[in-house]
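Open the model in your viewer and keep the selection box at hand. This tour goes from stop to stop, saying what to select and what is there.

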Amino acid sequence: MADRVRTRYAPSPTGHLHIGGARTALFSYLWAKKHGGDFIVRIEDTDTERNVVDAEEKQMAALAWLGIQWDESVDVGGPHAPYRSMERTGIYEEYLKRLLTSKQAYPCYCTSEELEQDRERQLAAGQAPRYIGRCRDLTEEERSARESEGRMSSVRFRVPAGRKILIEDIVRGDVSFETDGIGDFIIARPDGRPTYNFAVTIDDALMEITDVVRGEEHLSNTPRQILLYEAFGFKIPRFAHAPLILNPEGKKMSKRDESIIQFIDQYKELGYLPEAINNFLALLGWAPAGEKSEEEIFSLDELTDIFSLDRISKAPAVFDTGKLKWMNNHYIKEASLERITDLAIPHLIKAGRIDSSINESEKTWVTRLVGLYQEQMDYVAQITDLTALFFLEEVEHSQEAKTVLAEEQVPTVIGAFVEQVKTHEGELDPEEVKKLLKAVQKTTGFKGKQLFMPVRAAVTGETHGPDLRESISLLGKERVMTRLETFLGQ
RNA sequence: GGCCCGUUGGUGAAGCGGUCAACACACCAGCCUUUCACGCUGGCAUUCAGGGGUUCGAAUCCCCUACGGGUCACCA
């Protein structure tokens, strides 16, 4: 590996950062960083009709949130600027001219109607749909005739016949394609804008990309690009095609797939942590080697260390949402309570649970509340439902709670507890609650389940939940009293 | 339809010719706990899509079949 390793992630600005794109970016980034090389983000915006206004910015923000840092791109520039295809049209024109001059490319005057008919005919005849070569060998006269008709021309690359193109793929090994199976493909649209295969090849070559990492759907594009590399005498990079990501049902993901959340932004909003997403994505279609294969919790730095393209799997990877939740829960438990609280507060505000401007003591209260549930959250947005009972005026007793509250000793126990709370001076901190419960035990003689379950059921409406003393303390004297008295009054 | 690719338990997967096929998620059981959650312990593929070979020996190599997928765009 003589050259400095340079990889790139080249999205089109047509939407949000997708989990598949994020994984590709991650793999590319890890590989470059492992070798002390450069990671480039380049925007492939040649399909101007489909471009979406904020997409570029949003995708890069999502990448940054994940902690995937680029060395060269549209915002920070770099030695190969510009990094947006549509700002590189002059470059493409020059290379296009070369191909036209050498007759390796030719103008095509076919209309989309003609092309569509060809296609249908081939399909009907059970043939591979590909360009039939109508404009391949037009004479000068025929060309000018079409041009005087006012026909627009795109430019096609002349695919040589009878050749075998070998792709030495790091993931898949040697894969070969016959050029006879590839039709002459369009490299420039009538208005001169390059198509993907053309732009990506020139950009990768000029930007000195050494390793092209991308999804499997690009594998069959690769021979076309190799043809282009050859036509220009460019050095061919190494390729690594990562397997597709399937939804939890093992099916190909579609745009409107309800079974899976597909965009990084959405995970961020739900309160997934970037380190969990990275860790999970890294393991989607890749596994560490050797002794590390028994572990699965890895930081970005560790991943940078142990990642290797040749360990990428050839088989498609199923997106296991359960595993993602488990992993995120792991990182939530590991994170500081302050960090999780800061993430939780917006959710609580949005749900109308707390005010958008909270003071210090309220913040302390919220922190304690979040702390009560930190270890069981799969993602931070769950905090709203998890803490619901702390914001209710009155509780509704679950069926189990009703059963508990129907027990014989309950009026005695609750009555005694009410007495304790009523006569207690000052705040109810957990230690105080402990003492009060102890006192109830003394005066009533009930202890353990017979004591705690009725109190829990009456106060929270549930027979299970987090630490009772802390819960009562957080609920506060007033609300606890209201709930207990409401219960006794029934 | 042509060309490519893939197939290890419910899921992610290790395994690259030689013990009873790692590990993790999920699941089940037990322990811990006033309850839940967390945590801990144990269980969970007589078998590697199916069928043929090669070999003393195959999940690992070869062939065929089945199934799944990618692609054949003036989309990336």
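**Stop 1: helix H11**

Select Leu-324, Met-327, Asn-328, Asn-329, Tyr-331 and Ile-332: these residues of H11 are buried in this predicted model. Now show what surrounds them. The buried residues of H11 pack against helix H8 (264–270), helix H9 (274–282) and helix H12 (337–350).

Check the helix length next. H11 runs over residues 321–334, which is 14 residues. At 1.5 Å a residue it should span 20 Å, and its end C-alpha atoms are indeed 20 Å apart, so the two values agree.

Go to the N-terminal end of H11, where Asp-320 is the cap. A side-chain oxygen of Asp-320 lies 3.1 Å from the backbone nitrogen of Gly-322.

**Stop 2: RNA strand B**

Show RNA strand B and the 60 residues around it. Which of them come nearest? They are Arg-172, Arg-189, Asn-221, Lys-252 and Glu-375. On the RNA side, sugar and phosphate make up 74% of the strand B atoms that come within 4 Å of the protein.

Colour the surrounding residues by class. You should get 22 nonpolar, 15 polar and 23 charged residues.

Three polar pairs deserve a zoom:

- Arg-311: an N or O atom of its side chain is 2.8 Å from a phosphate oxygen of RNA strand B.
- Tyr-196: a polar backbone atom is 3.1 Å from a phosphate oxygen of RNA strand B.
- Glu-375: a polar side-chain atom lies 2.7 Å from a base nitrogen of RNA strand B.

Then highlight strand E6 (173–178), strand E11 (317–318), H11 and helix H18 (449–460). These elements each give two or more residues to the surface near RNA strand B.

**Stop 3: an annotated binding site**

Select Cys-108, Cys-110, Cys-135 and Asp-137. An unreviewed UniProt entry gives these positions the feature "binding site". They are spread over 30 residues of sequence, yet they cluster in space, with a largest C-alpha distance of 13.0 Å.

Start with Cys-108, in strand E3 (residues 105–108). Is Cys-108 buried or exposed? Its relative accessible area is 2%, so Cys-108 is buried. Beyond its sequence neighbours within four places, Cys-108 is in contact with Tyr-131, Cys-135, Met-152, Ser-153, Ser-154 and Arg-156.

Move to Cys-110, in the loop between E3 and helix H4 (112–124). Cys-110 has a relative accessible area of 12%; under 20% counts as buried, so Cys-110 is buried. With residues up to four places away left aside, the contacts of Cys-110 are Leu-115, Tyr-131, Arg-134, Cys-135 and Arg-151.

Step across to Ser-154, one of the contacts of Cys-108. Ser-154 sits in strand E4 (residues 154–157). Its relative accessible area is 9%, so Ser-154 is buried. Apart from residues up to four places away in sequence, Ser-154 touches Tyr-106, Pro-107, Cys-108, Ile-186, Ala-188, Arg-189 and Pro-190. Arg-189 was listed at the RNA stop, among the residues that come nearest to strand B.

**Stop 4: the 'HIGH' region and Gln-262**

Select residues 11–21, which UniProt lists, in an unreviewed entry, as "short sequence motif: 'HIGH' region". The span is 27% helix and 0% strand, and its end C-alpha atoms lie 8 Å apart.

Now pick Gln-262, in the loop between strand E10 (245–246) and H8. At 6% relative accessibility, Gln-262 counts as buried. Find Leu-17 too: Gln-262 and Leu-17 are 245 residues apart along the chain, but their C-alpha atoms are separated by 8.5 Å. Draw the distance from Gln-262 to His-18: a polar contact of 2.6 Å joins the two side chains. Leaving aside neighbours within four places, the contacts of Gln-262 are Leu-17, His-18, Ile-19, Met-253, Ser-254, Lys-255 and Asp-257.

**Stop 5: the annotated domain**

Select residues 5–326. UniProt (unreviewed entry) annotates them as "domain: Glutamyl/glutaminyl-tRNA synthetase class Ib catalytic". Over this range the chain is 35% helix and 14% strand, and the end C-alpha atoms are 34 Å apart.

**Stop 6: Glu-485**

Finish in helix H19 (residues 468–489), where Glu-485 is found. At 40% relative accessibility, Glu-485 counts as partly exposed. Not counting residues up to four places away, Glu-485 touches Val-418 and Lys-422. Its C-alpha atom is separated from that of Phe-298 by 51 Å.

Key:
Residues numbered from 1 in each chain as written. Chains lettered and ligands numbered in written order. Predicted model: local features only at pLDDT ≥ 70, side-chain atom pairs only at ≥ 80, totals over all residues. Heavy atoms only, no water. Helix = DSSP H or I, 4+ residues; strand = E, 2+ residues; numbered from the N terminus. Expected span 1.5 Å × (residues − 1). Buried < 20%, exposed > 50% of the residue type's maximum accessible area, 1.4 Å probe, protein only. Contact = heavy atoms within 4.5 Å. Polar contact = N/O pair within 3.5 Å; in protein donor to acceptor, adjacent residues only side chain to side chain. UniProt positions renumbered as here; feature names shortened; annotations may be inferred. Near = heavy atom within 4 Å. Nonpolar A, V, L, I, M, F, W, Y, C, P; charged D, E, K, R; others polar.
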